[in-house]
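Visitor: Hello! I am new to this structure and would like to be shown around, please.
Guide: Gladly, let us look at it together.

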Amino acid sequence: MFRIGLVLQFIFIVVGGCVPVLAQGGSFEKDVIPFLRNYCMDCHDADLKKGDLDLEPFKTAADVVKGRKLWDSVLFQIDNHTMPPAKKEKQPTIAERDKMVGLIDNLLYPVDPTSPDPGRVTIRRLNRVEYNNTIRDLIGIDMKLADTFPEDDSGYGFDNIGDVLALPPVLMERYLQAADRILEKAIVAVGASPHKDSLPLGKMKSDTGKLGGDSFMFYSNGEGKLVYDFPADASYVVRVKAWGEQAGNEPTKMQLSAGGEKSPVIDVKATQAFQQNYEARLKVKKGSQTVSVSFLNDFNDKGKDRNLWIGSLEIEEPFMAEGGGLPESHRRIFIQDKGTDGTEAASRKILNAFCNRAFRRPARKEEVDRLYRIVQAAKGGGEGWEESIRIALKAALVSPYFLYRIEWQPEPNNPNRIVEINEFSLASRLSYFLWSSMPDDELLSLAFKNQLRANLPAQVTRMLKEAKSRALAENFVGQWLEIRNLNGAKPDSVLFGSFDSALKEAMRHETEEVFLSILRENKSVMELLSADYTFVNDRLAKHYGMPVVSGSGFQKVSLAGTNRRGILTHGSVLTVTSDPTRTSPVKRGKWVMENILGTPPPPPPPNVPTLESSKQLTGSLRQRMEQHRNNPACASCHSLLDPIGFGLENFDAIGRWREKDGEFPVEAAGRLTTGQEFKSAGELTSILLKDRQEAFLKCVVQKTLTYSLGRGLEFYDKTAVNEIVSKTKAKGLRFQDLILAVVESVPFQKRRGDGFRPAGK
């Protein structure tokens, strides 16, 4: 079932006196009304009105359409087997339920499969991840400046949804500042001083130090780390302002490191009153490298404590790369012919080539003309040629054509004007879907030749093999499965003292690696649930109680003989679906309903007390939950959520296996509303794989299509979803084939003007 985003789309338009119709072969009077009389009316008639629901007034299909909001709820209850209640002896068969769900859904949300509606997408601002990646691929430096931008809003579970990606004034200021920093780092201007970058001490990671005001204090021997993007193989100056709380018979000692290259040990004799700069020149390879400061000689005796304080950390970049050459970022921009430096032809060549890539389409002559006028004005003001180009490129980096993904639509207010998006828009849709970044030269080259559509399968296969496809795991899977929320997970430090940042990172990495293995090897989508293997490092293996693996690198291991299988037993999922002090069967059940079965439960009724606030509840967690759901207002949803959640109860709040919860033995057995019974997480997973395969596949398709389009799905997307599901099943449920089916779908390939488009138009 689909929910509609706009109120207008809930309105059924009756044309020429026509009335709503059911699916082919169905009749409201002959099929729906007898079903209601057999299974519903004994509780929901004018006399009893249980749950304040009276179905008697609905005598025709038109009556149902008028009461769409109420019938959405009826549809949910029938589909999820929560009505009639399990205690009712008379129950519809599964075939009867399925038929009724199809009939009512088609009545409420009619579509014409012969005239599919591709929908429309609001122009999309690059989100923070996309901005960072686009700068990396456009210019060749990986500064991740967008990490300091305001958080992106999310819609439909993802942060790449055009309708919610606003552009507040503070973000525009950050774009201007970022463009300056990026181009200052990328371009070497004649006579320029070495570029200096201050690293944020607030992002320094250390197990033996902490931020104190604007400075970072090491209270014990150890290392503080930051990551910095070095633009070229070169020698760099690493500079710190430091002082020591001096104690003992030797000064505070420190060592600096960058990219694995270490400085000699440095004696920090300065005190807080007389802070000093200390520096080291280190050879570093191009790319993202770790910069670190180490405290080497902690001392504490009778109240005298030696500590190291860092007031600032700075990288001074060289004028030239190692060997005297210009950095790649500079060479990538300045592509002029030899001997043409400073000429109009050279300037225009640089501006045109940069804009072709930055705007992800051919730059228009008037756009290049405007930028060239900026170059002329800057040179007229006394700036050198390289600096003048830099100022013009700053204008390009804050242009809406760079910051937004804009798709041209003829007759933008005509919902009946359906067009195929051009090949440049297709290249951008493809690259931001699979890479969270701009199209590379191969995609743009095919688009320039108008040959991208003809080569889509080969391009999808190529792109999924690239390292950049890891973005699908980090951004799509990270949000779909909610493992991004691990960043905010804070299990109680007393109850779960072994939980730390290293374990959190390992949990996230495990889920990403399993997904990437399935994707890149083109295995079945169902293997996300059924995988009898996983990827662990030494930290995670120890946490799971597995045989020891060596090192921090991730290795594929078998789950044979363990109680784990698939993502439902990953520490990442189990942790984000728990409370700080205990597991949460409700959160885990809700997570499965939303992200595995694609049927989010309705919100809880207002003013229902929490489990913790209900002091009269006693016993094990399961017993207290059962008492809690005796409240009739809670029973319906809890009958859906609780059995699933308790099926995972053998895993504690940070994903460790357990047989007891405190003094109580864990009871993981349950019965779903659809009738299947299970005794463990493994048996629950088997039920999902066997009986709910279609629901899981459809859920994966819906999530993937939403993420790929950058918009929420509407009722008219049912046709596309069903076609993608059919194609994927025909190909053996393989994940790459699902991706290709999404890319080839009507909503991905086409768009229409804004407004409501009735079914069949």
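What follows is a short talk about this predicted model.

Visitor: Let us begin with Ile135. Is Ile135 buried or exposed?
Guide: Ile135 belongs to helix α5, which covers residues 128–139. A residue is called buried when its relative accessible area is under 20%. Ile135 has a relative accessibility of 3%, so Ile135 counts as buried.

Visitor: Which residues does Ile135 touch, leaving out those up to four places away in sequence?
Guide: Being in the sequence neighbourhood is one thing and being in contact is another, so here heavy atoms within 4.5 Å are what count. Pro150, 15 residues from Ile135 in sequence, is 18 Å away in space, C-alpha to C-alpha. With residues up to four places away set aside, the ones that Ile135 touches are Gly140, Ile141, Ile182, Leu397 and Phe402.

Visitor: Now for the rings. How are the planes of Phe149 and Tyr175 arranged?
Guide: The structure holds 24 aromatic pairs, so let us take this one as an example. The ring centres of Phe149 and Tyr175 are 5.3 Å apart, and their planes make an angle of 85 degrees. Planes over 60 degrees apart fall into one class, so this pair is edge-to-face.

Visitor: How many residues apart in sequence are the parts that this pair ties together?
Guide: Both partners are buried, Phe149 with a relative accessible area of 6% and Tyr175 at 1% relative accessibility. Phe149 lies in the loop between α5 and α6, whereas Tyr175 lies in helix α6, so the pair ties together parts whose separation in sequence is 26 residues.

Visitor: And what kind of aromatic pair do Phe476 and Trp480 form?
Guide: Phe476 and Trp480 both sit in helix α15, four residues apart, about one turn of the helix. Each of these two residues is buried. Their ring centres are 5.5 Å apart with 25 degrees between the planes, and planes under 30 degrees apart share a class, so the pair is stacked.

Visitor: Which residues form one aromatic cluster with Phe476 and Trp480?
Guide: The stacked pair of Phe476 and Trp480 belongs to a wider group of rings. Alongside these two, the cluster has Phe158, Phe433, Tyr707 and Phe748.

Visitor: Over the face of which residue does Lys185 lie?
Guide: Charged ends can sit over rings here, as with Lys90, which is over the ring of Tyr39 at 5.9 Å from its centre. Lys185 is 4.1 Å from a ring centre, and the ring belongs to Tyr228.

Visitor: What about empty space inside? Which helix gives the most to the lining of the largest cavity?
Guide: The count comes to seven cavities of 30 Å³ or more, and the largest holds about 110 Å³ of space. Its lining divides into six nonpolar, four polar and two charged residues, including Asp79, Met593 and Arg692. Three residues of the lining come from one helix, residues 632–647, and that is helix α22.

Visitor: Finally, is Gly662 buried or exposed?
Guide: Gly662 is in the loop between β18 and β19, and its C-alpha atom is 9.9 Å from that of Leu621, 41 residues away along the chain. Another loop residue, Gly382, lies between α9 and α10 and counts as exposed at 63% relative accessibility. The cut-off for exposed is over 50%. Gly662 has a relative accessible area of 64%, so Gly662 is exposed.

Methods
Residues numbered from 1 in each chain as written. Predicted model: local features only at pLDDT ≥ 70, side-chain atom pairs only at ≥ 80, totals over all residues. Heavy atoms only, no water. Helix = DSSP H or I, 4+ residues; strand = E, 2+ residues; numbered from the N terminus. Buried < 20%, exposed > 50% of the residue type's maximum accessible area, 1.4 Å probe, protein only. 1 Å grid on protein atoms, 1.4 Å probe; cavity = no way out; pocket = protein on both sides within 12 Å on 5 of 7 lines; lining within 4 Å. Points joined across faces, edges and corners; volume = space filled by probe spheres on them. Nonpolar A, V, L, I, M, F, W, Y, C, P; charged D, E, K, R; others polar. Phe/Tyr/Trp six-rings, centres within 6.5 Å; stacked < 30°, edge-to-face > 60°. Lys NZ or Arg CZ within 6 Å of the ring centre and 35° of its normal.
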